[in-house]
Amino acid sequence: MANKLFEKYDREHITDDILQKASQLFSKNYGVWGKEAAKVIGPFAKEGSPVKMSKDRLRTQCLPSSADCSYVRVLVDGHLAGNVFACRWTYKDKVVCWITQLVVDRDYRERGLALGLLQELKQDNDGIYGLASSHAAACLAATKAFGNGIAAVKLDYIREHGEAIINVSPVSYINDAKPTGNLFNPEAADGTVSCVNTSFFVDHTEPLEALEGIREEMDWPLGELIDGHEFLVIVEARRRARSKFRSKSLSPAA
């Protein structure tokens, strides 16, 4: 049986070496640029080329100085198999924990690692969890880790609070994102329900194939996924459940 070790770090303990390995994990496993990427983002985002991120860009985007940030990674037999970044801020006296990046190595998917990473990330004072992702599997993992599954997602809560939560985010790319879909615009006719326009034109071939498989097994409440958009998931926190995996904390409280 493989040995799984989850490690949690606060911002002050996230070294350049940790970020370098995280950036390599992202660049090798996130996906490729879509057809409109070069036109909207720049010539470097050539269609079909890997979406890459340097450690410096990763620090700027996922670890803004104005937010309380956390990082969790999982090592499987010593190999970096996945990681998650999160930032926290306050909305109406509640702590919002927002997933800014979740990546699992392709060779280690469908083993419950994403769920384990998200469970290790949780803190007792978290009141709201949020995620913007084009990957339906990430949405499934988040709603299971933080709530009672995708079927229990409260769309009315997202409609009422989603835009306001995003507007007070200290994370620039989240703050710039525009909520879209039928929840926010009843006249939307493209099949979207709960999405954000991030203008991140990653190729959706793989995410749409995964979404099709999920829809064969369950109802999907978040609607369609269109280019430049990501699904928007927001759930209220429930009581923390203890992880069944061995964990090592790298925070000062360890």
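**Exercise 1. Classify D126 by its relative accessibility and trace its salt bridge.**

Step 1. D126 has 7% relative accessibility and therefore counts as buried, where buried means under 20% relative accessible area, exposed over 50%, and partly exposed in between (1.4 Å probe, protein chains only). The model is predicted: local features need pLDDT of at least 70, side-chain atom pairs count only at pLDDT 80 or more, and totals for chains, interfaces and linings use all residues. Residues are numbered from 1 along each chain as its sequence is written, and side-chain values use heavy atoms, with hydrogens and water left out.

Step 2. D126 forms a salt bridge with R88, with the closest N and O atoms 2.7 Å apart; a salt bridge is a side-chain nitrogen of Lys or Arg within 4 Å of a carboxyl oxygen of Asp or Glu.

Step 3. Because D126 lies in strand β5 and R88 in strand β3 (residues 79-91), the pair ties together parts that are 38 residues apart in sequence. Helices (H or I, at least four residues) and strands (E, at least two) are DSSP runs, numbered from the N terminus.

Step 4. R88 has a relative accessible area of 5%, so R88 is buried.

**Exercise 2. Determine which elements the salt bridges of R73 and K94 connect, and how covered the partners are.**

Step 1. The structure holds eleven salt bridges. One of them joins the side chains of R73 and E7, at 2.8 Å from N to O.

Step 2. R73 belongs to strand β2 and E7 to strand β1, so this pair ties together parts that are 66 residues apart in sequence. Both R73 and E7 are buried.

Step 3. K94 forms a salt bridge with E236, the closest N and O atoms being 3.3 Å apart. Since K94 lies in strand β4 (residues 94-104) and E236 in strand β8, parts that are 142 residues apart in sequence are tied together.

Step 4. K94 counts as partly exposed at 36% relative accessibility, and E236 counts as partly exposed at 32%.

Step 5. Salt bridges also link R106, R109 and E206 in a network.

**Exercise 3. Identify the pairing partners of strands β1 and β8.**

Step 1. Strand β1 (residues 4-10) is mostly covered, with six of its seven residues buried. Seven bridges join β1 to strand β2 (residues 68-76) in an antiparallel arrangement; two strands pair if DSSP finds at least two bridges between them. In this pairing, D10 stands opposite S70 in β2.

Step 2. Strand β8 (residues 229-236) is mostly covered as well, with seven of its eight residues buried.

Step 3. Strand β5 (residues 126-133) pairs with β8 in the antiparallel sense over six bridges, and L131 stands opposite V233 in β8.

Step 4. Strand β7 (residues 195-197) also pairs with β8 in the antiparallel sense, over three bridges. Here N197 stands opposite H229 in β8.

**Exercise 4. Describe the environment of H229.**

Step 1. H229 lies in strand β8. At 11% relative accessibility, H229 counts as buried.

Step 2. The side chain of H229 reaches the backbone oxygen of D227 at 2.9 Å.

Step 3. Residues up to four places away in sequence being left aside, H229 touches S134, T180, V196, N197 and H204, where contact means heavy atoms within 4.5 Å.

**Exercise 5. Locate I41 and assign its exposure class.**

Step 1. I41 is found in the loop between α2 (37-40) and α3 (55-62).

Step 2. With 30% relative accessibility, I41 counts as partly exposed.

How values were computed:
A polar contact is a pair of N or O atoms within 3.5 Å; within protein, one must be able to donate a hydrogen and the other to accept it, and residues adjacent in sequence count only if both atoms are side-chain atoms.
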